[in-house]
Amino acid sequence: MNPKKLLKMAKKWQKITSSSTTATTTMNAIADKGHFFVYTLEKKRFMVPLAYLESTVFQELLKISEEEFGLSFDGPITLPCDAVFMEYVLSSIGGRMSEEAEREIVSYILANYSSSCNLLPVQQMQQQPVVFSF
């Protein structure tokens, strides 16, 4: 999925969430300007800066999400990971990770993603002999 398509999808989702009057607990907040929401498998919501769409790691998570759950224009974007992994990814991207570290995380995602729609927990990731440098 190219970055322009990802940006368009995120902006559309941002508009939908900001104009929605749905009273459900998962969609009752409005994303800050320049942000959008994503959800993990256990329905935990994360507000993500649009700038993160440029990250290869985030693009890979969105590709897998599209493969598993379809392209969501009228519902939440669900990523194929748990909240602990999502927190790790967001803090890594926010910390301006090196290209090498980004490649390592993408390799991890691709190697550990399964058709069961989830990634290994971060604890298992940390047991693997992969060194991330930020």
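**Exercise 1.** Find which residue takes a positive phi just after H3.

*Solution.* Start where H3 stops: arginine 96, just after the helix, has a positive phi of about 55 degrees. H3 itself is a DSSP run (helices are H or I, at least four residues; strands are E, at least two; both numbered from the N terminus). A word on the ground rules: this is a predicted model, where local features need pLDDT of at least 70, side-chain atom pairs count only at pLDDT 80 or more, and totals for chains, interfaces and linings use all residues. Numbering runs from 1 along each chain as its sequence is written, and side-chain values use heavy atoms, with hydrogens and water left out.

**Exercise 2.** Work out which residues of H3 are buried.

*Solution.* Take buried as under 20% relative accessible area, exposed as over 50% and partly exposed as in between (1.4 Å probe, protein chains only). In H3 that picks out Ala83, Phe85, Met86, Tyr88, Val89, Leu90, Ser92 and Ile93.

**Exercise 3.** Trace what H3 gives to the largest nonpolar core.

*Solution.* First, the term: buried Ala, Val, Leu, Ile, Met, Phe, Trp, Tyr and Cys residues joined through side-chain atoms within 4.5 Å. The largest such core has 29 residues, and Val38, Val48, Phe58, Leu79 and Met86 touch the most other members. Next, the elements giving two or more residues: strands E1 (35-39) and E2 (45-49), plus helices H2 (56-69), H3 (83-94) and H4 (99-112). H3 supplies the largest share, seven residues.

Finally, zoom in on phenylalanine 58: leaving aside neighbours within four places in sequence, its contacts (heavy atoms within 4.5 Å) include Met86, Leu90 and Ile93.
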